[in-house]
Amino acid sequence: MTIVLVALGIGMLIGYWQIIPNKYSRWTGYLTWFGLFILLLTMGVRIGSDEKILANLGTLGVQAFLLALFSVVFSVIILFLLEHYLISYQKEEQRKVGEKA
Amino acid sequence: MTWLIIGTIMVGGALGYWIIPANLLSQLDQITSLALGILILGVGIELGQNKEIWVKFKQLGWKVILVPLGIVLGTLLGTTIAGWLIKMPFNESAAIGAGFGWYSLSAVLIAKIYNAQTGTVAFLANVFREVLAILFIPFVATKIGRITSVAPGGATAMDTTLPFVTKAAGPEAGLIAFISGAILTTLVPILVPLLINLKL
């Protein structure tokens with residue numbers, strides 16, 4: 001876990017300060033893809049060699065769908081409440097400005 | 001891109017099922033740790049280079065940050081409730097939610113740090129989130145609210161679901177979607193490892 005946060009922090013500083021010259025910037029994309037490729041492949045190997053996961057793939061899919069549905073629905077609910085607050089706040093500000101004039 | 005990701009996992013799955021013995025996997029740990037370091041370093045560089053976001057931030061003011069914060073809150077609330085329904089521990093459901101639709105990164109992080117089964121659910125759940133977002137956005141934008149239509153996409157609101165928001169809710173919502181998606185994208189590699197390691 002620590003490696004992730006440290007690597008992320010170092011990466012963001014390298015990116016922000018543009019330490020890597022522009023002509024090599026394509027290579028960061030290739031490196032990211034290479035790392036992702038290795039991890040996706042080994043994740044696949046672990047799934048393929050785990051009979052428990054393969055046997056339960058249907059159940060896991062249903063669980064995943066529920067998690068996705070709830071994350072979408074609840075983030076919509078929270079943003080709906082926020083949007084109302086933001087808009088009524090804006091109107092309030094406009095009203096005050098109107099009163100002064 | 002999506003098919004390349006799914007294809008790679010499936011090739012890995014076939015190798016694991018037929019060819020690679022399980023005991024070899026434990027010896028791969030150093031290689032995957034190195035791959036994770038490289039991946040996250042690259043992700044960090046790309047996020048750091050993205051200075052466009054600061055310009056757009058100034059255009060809209062600080063209050064726009066409430067949008068990604070609201071999406072974080074709603075997502076974690078939603079996945080925690082769903083997790084409770086399917087009897088999934090909080091650290092797993094919260095970490096899966098914190099993928100915010102970025103299925104490749106959240107899945108490999110969880111599979112590497114935690115276990116392959118939860119990584120599988122994280123992959124599927126975040127793929128489903130992107131698909132549901134594409135289906136929901138037009139409805140949310142017209143019936144519920146323009147800014148609210150930024151919510152379903154999560155981190156994908158800065159790239160794959162951005163055109164859907166812009167088309168259904170207009171360019172100003174598109175600008176908010178980009179900023180919100182960029183902030184959530186930055187939060188994925190921070191929140192997923194933190195949440196999956198939570199012991200409650």
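Helices here are DSSP runs of H or I with at least four residues, numbered from the N terminus. With that in hand, Gly154(B) can be placed in the loop between helix 8 and helix 9 of chain B. Welcome to this predicted model. The tour below starts with chain A, moves to the places where helix 2 of chain A meets chain B, and ends with some single residues worth finding on screen.

**Chain A at a glance**

- Chain A has 4 helices and 0 strands, and its pattern along the sequence reads α-α-α-α.
- Of the 101 residues in chain A, 37% are buried.
- Gln18(A) sits in the loop between helix 1 (2-16) and helix 2 of chain A.
- Most residues other than glycine have a negative phi. Gln18(A) is not a glycine, yet its phi is positive, at about 50°.

**Helix 2 of chain A against helix 1 of chain B**

- Two packed helices are described by the angle between their axes and the distance between the axes.
- For helix 2 of chain A and helix 1 (residues 2-19) of chain B, the axes come within 6 Å and cross at roughly 45°. That angle makes helix 2 of chain A oblique to helix 1 of chain B.
- The crossing of helix 2 of chain A and helix 1 of chain B is right-handed.
- On the chain A side, the residues that meet helix 1 of chain B include Trp33(A), Phe37(A), Leu40(A), Leu41(A) and Gly44(A) of helix 2. Among their partners in helix 1 of chain B are Leu4(B), Ile5(B), Ile9(B), Gly12(B), Gly13(B) and Gly16(B).
- The residues of this contact between helix 2 of chain A and helix 1 of chain B divide into 13 nonpolar, 6 polar and no charged.

**Helix 2 of chain A against helix 7 of chain B**

- Helix 2 (residues 25-48) of chain A also meets helix 7 (residues 103-113) of chain B, with axes that come within 10 Å and cross at roughly 55°. Helix 2 of chain A is therefore oblique to helix 7 of chain B.
- The crossing of helix 2 of chain A and helix 7 of chain B is left-handed.
- Helix 2 of chain A brings Leu36(A), Leu39(A), Leu40(A), Met43(A) and Arg46(A) to this contact, while helix 7 of chain B brings Ser104(B), Ala107(B), Val108(B), Ala111(B) and Lys112(B).
- By type, the residues of the contact of helix 2 of chain A with helix 7 of chain B are 7 nonpolar, 1 polar and 2 charged.

**A buried residue of chain A**

- Ile53(A) lies in helix 3 (residues 51-55) of chain A.
- Its relative accessible area is 0%, so Ile53(A) is buried.
- Leaving out residues up to four places away in sequence, Ile53(A) touches Ile47(A) and Leu60(A), together with Ala116(B), Gln117(B) and Thr120(B).

**Helix 9 of chain B and what follows**

- Leu162(B), Val165(B) and Ala169(B) are the buried residues of helix 9 (residues 162-169) of chain B. Seen down the axis of helix 9, these buried residues fall within an arc of 70°, so they line one face of the helix.
- Helix 8 (116-144) and helix 10 (171-196) of chain B are among the elements that cover the buried residues of helix 9 of chain B.
- Gly170(B), just after helix 9 of chain B, takes a positive phi of about 95°.

**Residues to find in chain B**

- Gly154(B), the loop residue introduced at the start, is buried, with a relative accessible area of 0%.
- The C-alpha atoms of Gly154(B) and Gly101(B) are separated by 6.1 Å, although the two residues are 53 residues apart along the chain.
- Not counting residues up to four places away in sequence, Gly154(B) touches Ile71(B), Phe100(B), Arg129(B), Gly181(B) and Leu184(B).
- Ser180(B) is found in helix 10 of chain B, where a relative accessible area of 1% makes Ser180(B) buried.
- Beyond its neighbours within four places in sequence, Ser180(B) is in contact with Val67(B), Pro68(B), Ile71(B) and Val150(B).
- Lys87(B) belongs to the loop between helix 5 (66-85) and helix 6 (90-97) of chain B. At 76% relative accessibility, Lys87(B) counts as exposed.
- Lys87(B) is a residue other than glycine with a positive phi, near 55°.

Note on methods
Residues are numbered from 1 along each chain as its sequence is written. Chains are lettered from A and ligands numbered from 1 in the order in which they are written. This is a predicted model: local features need pLDDT of at least 70, side-chain atom pairs count only at pLDDT 80 or more; totals for chains, interfaces and linings use all residues. Side-chain values use heavy atoms; hydrogens and water are left out. Axes are lines fitted to C-alpha atoms, for helices over the stretch in contact, and angles run from 0 to 180 degrees between N-to-C directions. Helices (H or I, at least four residues) and strands (E, at least two) are DSSP runs, numbered from the N terminus. Angles under 35 degrees count as roughly parallel, over 145 as roughly antiparallel, 65 to 115 as roughly perpendicular and the rest as oblique. A crossing is left-handed if the near helix is turned anticlockwise from the far one by less than a right angle, and right-handed if clockwise. Contact means heavy atoms within 4.5 Å. Ala, Val, Leu, Ile, Met, Phe, Trp, Tyr, Cys and Pro count as nonpolar, Asp, Glu, Lys and Arg as charged, and the others, Gly among them, as polar. Buried means under 20% relative accessible area, exposed over 50%, partly exposed in between (1.4 Å probe, protein chains only). The arc is that of the directions from the helix axis to the C-beta atoms.
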